[in-house]
Amino acid sequence: METEILGYALATLIGISLGLVGSGGSILTLPILVYLMGVEPILATAYSLFIVGVTSLVGGIKNAFLKRVDFKSVFVFGLPSVLAVYFSRAFLLPMIPDVIFRMDSLVFTKSMGLMVLFAVVMILASVSMLRPKKKYQQEEETEIRYKYLMILLEGIAVGVLTGLVGAGGGFLVIPALVLLAKMPIKLAVGTSLFIIAIKSMLGFIGDLQNYFKIIDWELLIIFSILSVLGIFVGIFLSRKIDGARLKSIFGWFVLVMGVYIFVKELFL
């Protein structure tokens with residue numbers, strides 16, 4: 001019971017993270033659901049898609065009113081990403097066997113594989129967040145230019161990742177928009193939220209046929225409401241806190257969490 005209360009309290013951090021840096025929602029959601037709320041890992045990826053999708057959509061609409069969304073980029077990046085999410089949830093994930101391999105006393109299951117993959121993604125994301133990115137600090141207006149092939153490939157890669165582990169992939173979307181479309185960081189954050197929302201919600205809709213009867217809707221709705229409240233806090237704080245410093249703090253947190261999950265799944 002105490003862990004559930006802590007889990008609900010931490011739900012607001014998911015929205016705060018999305019509101020502040022446009023990413024990190026799923027990086028927090030999946031560990032909270034699995035380790036604090038007691039949700040089975042594969043089902044937790046579906047929960048994560050819904051929670052992050054709803055929260056990101058609210059944040060995206062809020063940023064649209066602030067004129068921080070480029071809807072052309074939402075389409076160019078989002079369409080291949082959505083198709084990749086559907087493919088990975090409908091075909092790739094079911095193809096993974098329940099027991100991937102056995103080695104002496106170690107039985108490496110599908111759930112363990114997803115959590116280890118997620119931990120690796122967290123560690124790589126933390127490195128991306130901690131590495132200095134001078135281009136991210138350029139806030140002056142610039143003409144948006146599209147490298148369509150690169151954006152297409154990145155959209156597919158992020159979509160597959162979203163489908164497998166329930167990660168929105170904002171830490172991959174934002175660098176793609178900034179570096180490949182020459183987009184200012186604040187515009188990239190708002191645009192990223194819409195892309196995350198669309199593919200996460202469609203990924204969850206694809207899961208309904210498999211999980212509808214076992215979904216704890218009360219948990220899911222309460223958790224989502226708290227996360228949505230958090231994103232309003234995050235958007236407000238984004239006007240007060242230096243983005244580079246915040247990204248560094250969050251990067252260290254993600255690194256510690258990623259290493260913890262990796263060690264816990266394989267060695268504890």
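In which helix does Lys62 lie? Before I answer, let me say that what we are looking at is a predicted model, and I will keep to what can be read from its coordinates. Lys62 lies in helix H3, which covers residues 41–65.

Let me step back to the chain as a whole. The chain holds ten helices and two strands, and if you follow the sequence from its start, the order of elements reads α-α-α-α-β-β-α-α-α-α-α-α. Of the 268 residues in the chain, 53% are buried.

Now the surface, and here I return to Lys62. Together with Lys186, Arg239 and Lys240, Lys62 forms a positive patch on the surface. The relative accessibility of Lys62 is 31%, and because the partly exposed class runs from 20% to 50%, Lys62 is counted as partly exposed.

A second patch is nonpolar, and its members are Leu149, Met150, Leu152, Leu153 and Ile156, which together present about 450 Å² of accessible area. One of these, Leu152, sits in helix H6, residues 148–165, and with a relative accessibility of 36% Leu152 also falls in the partly exposed class.

After helix H3 there is a loop that leads to helix H4 (71–95), and Lys67 is found in that loop. What I would point out for those of you who look at backbone torsions is that the phi angle of Lys67 is near 60°, a positive value in a residue that is not glycine. Lys67 has a relative accessible area of 73%, and is therefore classed as exposed.

From there I turn to the interior. Is Thr191 buried or exposed? Its relative accessibility is 0%, so Thr191 counts as buried, and its place in the chain is helix H8, which spans residues 185–211. The side chain of Thr191 has a polar atom that lies 2.9 Å from the backbone nitrogen of Asp70, so the pair is within the 3.5 Å cut-off for a polar contact.

The last residue I want to show is Leu28, which belongs to helix H2, residues 25–36. Leu28 has a relative accessible area of 8%, and for that reason it is counted as buried. How far apart in space are Leu28 and Leu10, C-alpha to C-alpha? The distance is 8.6 Å, while in sequence the two residues are 18 residues apart.

To close, I would leave you with two views to compare on the screen: the positive patch that includes Lys62, and the contact between the side chain of Thr191 and the backbone nitrogen of Asp70.

Technical notes:
Residues numbered from 1 in each chain as written. Predicted model: local features only at pLDDT ≥ 70, side-chain atom pairs only at ≥ 80, totals over all residues. Heavy atoms only, no water. Patch = residues over 30% accessible without salt bridge, like charges linked within 9 Å, V, L, I, M, F, W, Y side chains within 5 Å. Areas by Shrake-Rupley, 256 points an atom, 1.4 Å probe, with all protein chains shown as cover. Salt bridge = Lys/Arg side-chain N within 4 Å of Asp/Glu carboxyl O. Lys, Arg positive; Asp, Glu negative; His and termini not counted. Charge placed at Lys NZ, Arg CZ, Asp CG, Glu CD. Helix = DSSP H or I, 4+ residues; strand = E, 2+ residues; numbered from the N terminus. Buried < 20%, exposed > 50% of the residue type's maximum accessible area, 1.4 Å probe, protein only. Polar contact = N/O pair within 3.5 Å; in protein donor to acceptor, adjacent residues only side chain to side chain.
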